[in-house]
Amino acid sequence: MASSVSSVVVLDRGNNTTCTINLLGATVVSWRVNNQEQLFVSKLAVFDGQKSIRGGIPLVFPHFGPWAYGPQHGFAKICRWEVEKQPEPYENGDIEAIFSVVDTPFTKQMWNYSFKLVLKVVLREKELQVGLNVINTSPEPFQFTMLFHTYLKVPDVRKCSISGLHGCMFVDKTKENSIYQESRELVTIDNWIDNIYQNTLQEHIISNVVSGRKMKMVKYNLPDTVVWNPWDVKASTMSDFGDDEYPNMICVEAGAVMTPITLNPSNTYEGTIILQVM
Ligand code: TA6
């Protein structure tokens with residue numbers, strides 16, 4: 001579906017704290033705290049709707065991973081979303097905006113269900129809250145998996161660590177999907193990593209993000225966490241990712257991916273992440 005979706009919505013809280021959402025996939029493409037960008041977007045990212053934006057917080061729905069019926073990670077991140085509520089300040093200065101998308105012939109040719117997705121973004125002084133409501137508007141139940149494919153910007157991924165994974169079982173996609181148990185209190189990265197951790201702690205602390213600070217990620221109704229860095233080998237296979245960019249990003253992705261969610265007609269499933277600069 002070719003579309004010139006270049007529209008963006010900017011939430012501006014003042015003090016150079018802003019958040020920018022591209023209506024292509026309702027993708028958060030920038031989150032600046034006191035003018036410091038916290039998210040990674042590849043210098044080669046494309047915005048033509050042919051593929052998802054390589055960076056920020058792409059939304060994975062209705063399927064995480066390779067999909068026989070459509071693009072990997074589903075279609076939500078390549079649909080044009082609408083603005084349901086323009087940026088509006090709360091009394092305390094926090095800014096909220098709401099975006100939505102519903103089924104179309106484009107989505108139904110891949111996944112023959114009616115649905116509505118509602119994305120709420122709240123920009124606080126040092127926090128960004130992103131919540132996705134999945135509403136089943138079909139007459140029958142459907143199953144899905146969902147995930148926030150969050151690309152964090154880091155000075156050097158080799159200096160980062162991720163907490164909250166110790167003891168969790170994980171699928172290692174770099175080793176033919178073999179299953180292991182995480183023995184490390186803090187996961188560090190020194191090569192290609194693509195792990196799907198199951199039933200992780202609700203809170204992750206990622207060290208050495210922008211300005212050497214820490215990032216806290218709190219997740220709600222999202223039991224699993226994917227950790228991904230393509231390293232040089234995989235980076236060179238992606239046309240929308242610079243060969244030299246892998247040291248400056250880490251994907252820590254909160255989702256419900258190991259066990260599909262079954263949603264009955266008229267019901268809603270809400271998954272939310274809160275990112276906090278520490
Ligand atoms: O979330 C990790 C992952 O599933 C990796 O295997 C890699 O494929 C990455 O997503 C990016 O996928 P994409 O389809 O956006 O290129």
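**View 1. Glycine 167, in a loop between two strands of this predicted model.** Glycine 167 sits in the loop that links strand S12 (161-162) to strand S13 (169-172); strands here are DSSP runs of E with at least two residues, numbered from the N terminus. Because its relative accessibility is 30%, glycine 167 counts as partly exposed (buried is under 20% relative accessible area, exposed is over 50%, and partly exposed is in between, with a 1.4 Å probe and protein chains only). Setting aside neighbours within four places in sequence, glycine 167 touches Gln181 and Glu182, where contact means heavy atoms within 4.5 Å. Aspartate 243 is 76 residues away along the chain, and its C-alpha atom is 33 Å from that of glycine 167.

Some housekeeping for all the views: residues are numbered from 1 along each chain as its sequence is written. As this is a predicted model, local features need pLDDT of at least 70 and side-chain atom pairs count only at pLDDT 80 or more, while totals for chains, interfaces and linings use all residues; side-chain values use heavy atoms, with hydrogens and water left out.

**View 2. A cis peptide bond ahead of proline 62.** The bond running from phenylalanine 61 to proline 62 is cis, with omega near 5°. Proline 62 belongs to the loop between strand S5 (59-60) and strand S6 (82-89). Most peptide bonds are trans.

**View 3. Two asparagines with positive phi.** Most residues other than glycine have a negative phi. Asparagine 199 has a positive one of about 50°, and asparagine 221 has one near 60°. Look for asparagine 199 in the loop between strand S16 (193-197) and strand S17 (203-206), and for asparagine 221 in the loop between strand S18 (215-220) and strand S19 (224-229). Asparagine 199 counts as exposed because its relative accessibility is 55%; asparagine 221, at 47%, is partly exposed.

**View 4. The ligand in the largest pocket.** Residues around the ligand, meaning those with a heavy atom within 4 Å of it, include Arg54, Phe64, His73, His149, Lys173, Val226, Trp228 and Glu253. Oxygen atoms of the ligand also pair with polar side-chain atoms: the distance is 2.5 Å for aspartate 194, 2.7 Å for glutamine 72 and 3.2 Å for lysine 77. On its own the ligand has 390 Å² of accessible area, and the protein covers 85% of that (Shrake-Rupley method, 1.4 Å probe).

Methods
Helices (H or I, at least four residues) and strands (E, at least two) are DSSP runs, numbered from the N terminus. A polar contact is a pair of N or O atoms within 3.5 Å; within protein, one must be able to donate a hydrogen and the other to accept it, and residues adjacent in sequence count only if both atoms are side-chain atoms. On a 1 Å grid over the protein atoms alone, a cavity is a set of points where a 1.4 Å probe fits but cannot get out, and a pocket is an open set with protein on both sides within 12 Å along at least five of seven lines; lining residues have an atom within 4 Å of a point. A molecule sits in a cavity or pocket if more than half of its atoms lie within 2 Å of its grid points.
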